[in-house]
Amino acid sequence: MTQSVIPQPGMWFEHALNSQNDRPALYVITKIADPGPTALPQIHYQRLGATPDDRAESIDADLFDDIVLRWLTPEEAVRAEIHARYHPGTY
């Protein structure tokens, strides 16, 4: 778990519970959904290397800190964004 940060769309993080082939699981927050009348806000996120057809995952906002191993540095986030933009479906 990391220090508490207010998640915003476009922020990149390393997932604490998922990894693939000994690579860190890097994800970007795609949106923060407004809560329904009885639900908590949902944070939607997608894995680096996902294709446009892949569904984003989501989690209740109060549980989000539990899945963040660490936030990517600004330099790492730029590299991840470039990779996601120019090489979708690969990682």
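## The pocket and its lining

How do the residues lining the largest pocket divide into nonpolar, polar and charged? Seven of the lining residues are nonpolar, four are polar and one is charged. Bear in mind as you read on that you're looking at a predicted model.

So who are these residues? One run to look for in the lining is Gln46, Arg47, Leu48, Gly49, Ala50, Thr51 and Pro52. The lining also takes in Trp12 and Val28, along with Ala84, Pro88 and Gly89. As for the space itself, the volume of this largest pocket comes to about 160 Å³. Rolling a probe the size of a water molecule over the atoms is how empty space of this kind shows up.

## Salt bridges around arginine 70

How many salt bridges does the structure hold? There are three. Let's begin with the one between arginine 70 and glutamate 14, where the closest N and O atoms sit 2.8 Å apart. This pair ties together distant parts of the chain: glutamate 14 belongs to strand β1 (residues 12-20), while arginine 70 belongs to strand β5 (residues 68-71), and the two are 56 residues apart.

Are the two partners buried or exposed? Glutamate 14 is buried, because its relative accessible area of 13% falls under the 20% limit. Arginine 70 is partly exposed, because its 28% lies between that 20% limit and the 50% one.

Arginine 70 has another partner as well. Its side chain meets that of glutamate 76 in a salt bridge, with 2.8 Å from N to O.

## A salt bridge in helix α1

Now move along to helix α1, which spans residues 74-86. Here arginine 85 and glutamate 81 form a salt bridge, and their closest N and O atoms are 3.3 Å apart. The two residues are four apart in helix α1, so about one helical turn separates them.

How accessible are these two? Arginine 85 has a relative accessible area of 51%, so it counts as exposed. Glutamate 81 has 31%, so it is partly exposed. Back among the salt bridges that share partners, Glu14, Arg70 and Glu76 are joined into one network.

## A nonpolar patch on the surface

Which residues make the nonpolar surface patch? Val78, Ile82 and Tyr86 do, and the patch covers about 310 Å².

Take valine 78 from that trio. You'll find valine 78 in helix α1, and with 47% relative accessibility it counts as partly exposed. Why can valine 78 belong to a patch? A patch residue needs over 30% relative accessible area, and valine 78 has 47%, so it passes that cut-off.

Try comparing valine 78 with proline 7, too. In sequence they are 71 residues apart, and in space their C-alpha atoms are 17 Å apart.

## Leucine 40 and two residues around the end of β4

Next up is the stretch around strand β4, which runs over residues 57-60. Aspartate 60 is found in strand β4, whereas alanine 61 is in the loop between β4 and β5. Aspartate 60 is partly exposed, with a relative accessible area of 27%. Alanine 61 counts as partly exposed too, at 31% relative accessibility.

How far is each of these from leucine 40? Aspartate 60 and leucine 40 are 20 residues apart in sequence, with 6.0 Å between their C-alpha atoms. For alanine 61 and leucine 40, the gap in sequence is 21 residues and the C-alpha atoms are 6.6 Å apart.

## Tyrosine 45 in strand β3

One last stop is tyrosine 45. Where does tyrosine 45 sit? Its place is in strand β3, which covers residues 42-47. Is tyrosine 45 buried or exposed? Tyrosine 45 is buried, because its relative accessible area of 4% is under the 20% cut-off.

You can also set tyrosine 45 beside methionine 11. They are 34 residues apart in sequence, and from C-alpha to C-alpha they are 9.4 Å apart in space.

Conventions. Residues numbered from 1 in each chain as written. Predicted model: local features only at pLDDT ≥ 70, side-chain atom pairs only at ≥ 80, totals over all residues. Heavy atoms only, no water. Patch = residues over 30% accessible without salt bridge, like charges linked within 9 Å, V, L, I, M, F, W, Y side chains within 5 Å. Areas by Shrake-Rupley, 256 points an atom, 1.4 Å probe, with all protein chains shown as cover. Salt bridge = Lys/Arg side-chain N within 4 Å of Asp/Glu carboxyl O. Buried < 20%, exposed > 50% of the residue type's maximum accessible area, 1.4 Å probe, protein only. 1 Å grid on protein atoms, 1.4 Å probe; cavity = no way out; pocket = protein on both sides within 12 Å on 5 of 7 lines; lining within 4 Å. Points joined across faces, edges and corners; volume = space filled by probe spheres on them. Nonpolar A, V, L, I, M, F, W, Y, C, P; charged D, E, K, R; others polar.
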